[in-house]
Amino acid sequence: MNDKHNAKVSEPIIKELLEKLGEGWEVNCCLNDSCASIHKEFEKHEWVSIYVPNALEEDASNEEYNTFSMTVFEEYYPQYKTIDDVVEALKYGVYDLIHELEAIELRAKQESN
């Protein structure tokens with residue numbers, strides 16, 4: 001972790017996520033990222049990464065974030081407000097999450113037409 005990750009905020013969150021999400025998840029903090037993260041490989045070179053908050057209040061100009069950002073197979077980038085929202089999103093597995101994200105994307109396209 002680096003100073004931007006704010007271990008005081010991020011470490012307890014990571015610990016709780018690892019407990020709730022189960023096997024296969026591991027810490028994956030890159031020093032050049034603003035937020036600490038965990039990830040899991042679901043298929044060869046197909047990863048889901050979860051970037052955890054590094055602040056209690058949002059201040060993007062100072063790279064301080066209070067939401068969870070997820071990267072799903074480098075194709076989808078949903079955001080969540082709480083640990084429980086993240087856990088719920090992955091409750092039925094990553095492939096169900098992908099189908100849900102695809103449906104949201106399709107509805108958005110249809111509404112814009």
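Which residues are exposed on the other side of helix 3? They are His-99, Gln-110 and Glu-111. Keep in mind that this is a predicted model, and let's start with that helix before moving on to the sheet and the salt bridges.

**Helix 3 and its two sides**

Helix 3 covers residues 94–112, 19 residues in total. From first C-alpha to last it reaches 27 Å, close to the 27 Å expected at 1.5 Å a residue. Its buried residues are Val-94, Leu-97, Ile-98 and Leu-101. These four cover an arc of only 100° around the axis, which puts them on the same side of helix 3. Turn to the other side and you meet the exposed His-99, Gln-110 and Glu-111.

What do the buried residues of helix 3 pack against? Their partners are strand 2 (37–43), strand 3 (46–51), strand 4 (68–72), strand 5 (79–80) and helix 2 (83–89). As for how the helix sits on the sheet, helix 3 lies across strand 2, strand 3, strand 4 and strand 5, and runs at about 100° to strand 4.

**The sheet**

The five strands make an open sheet in the order 1-2-3-4-5, with antiparallel pairing. Strand 1 (26–27) and strand 5 stand at the edges; each has a single partner strand, so one side of each is left without a neighbour in the sheet.

Further in, strand 2 and strand 3 run antiparallel and are joined by six bridges. For one spot to look at, find Ser-37, which stands opposite Tyr-51 in strand 3.

Tyr-51 turns up again around Thr-71, being one of the residues that Thr-71 is in contact with. Thr-71 itself has its place in strand 4. Is Thr-71 buried or exposed? At 12% relative accessibility, Thr-71 counts as buried, because the cut-off for buried is under 20%. Apart from neighbours within four places in sequence, Thr-71 is in contact with Trp-47, Val-48, Ser-49, Tyr-51, Tyr-76 and Tyr-77.

Helix 1 also has its place on this sheet: it lies across strand 1, strand 2, strand 3 and strand 4. Its direction is at about 25° to strand 2.

**Salt bridges**

How many salt bridges does the structure hold? There are three, and here they are with their N to O distances.

| Pair | N to O distance |
|---|---|
| Glu-16 and Lys-20 | 2.9 Å |
| Lys-20 and Asp-84 | 3.0 Å |
| Glu-88 and Lys-91 | 4.0 Å |

Take the Glu-16 and Lys-20 pair: both residues lie in helix 1 (residues 7–21), four residues apart, about one turn of the helix. Glu-16 counts as partly exposed at 30% relative accessibility, and Lys-20 counts as partly exposed at 40%.

Lys-20 also forms a salt bridge with Asp-84. Lys-20 lies in helix 1 and Asp-84 in helix 2, so this pair ties together parts that are 64 residues apart in sequence. Through shared partners, salt bridges join Glu-16, Lys-20 and Asp-84 into one network.

That leaves the pair in the last row, where the side chains of Glu-88 and Lys-91 meet. Glu-88 has 48% relative accessibility and counts as partly exposed, because exposed would take over 50%.

Note on methods
Residues numbered from 1 in each chain as written. Predicted model: local features only at pLDDT ≥ 70, side-chain atom pairs only at ≥ 80, totals over all residues. Heavy atoms only, no water. Helix = DSSP H or I, 4+ residues; strand = E, 2+ residues; numbered from the N terminus. Expected span 1.5 Å × (residues − 1). Buried < 20%, exposed > 50% of the residue type's maximum accessible area, 1.4 Å probe, protein only. Arc of directions from axis to C-beta. Contact = heavy atoms within 4.5 Å. Pairing = 2+ DSSP bridges. Axes fitted to C-alpha atoms, helices over the stretch in contact; angles between N-to-C directions.
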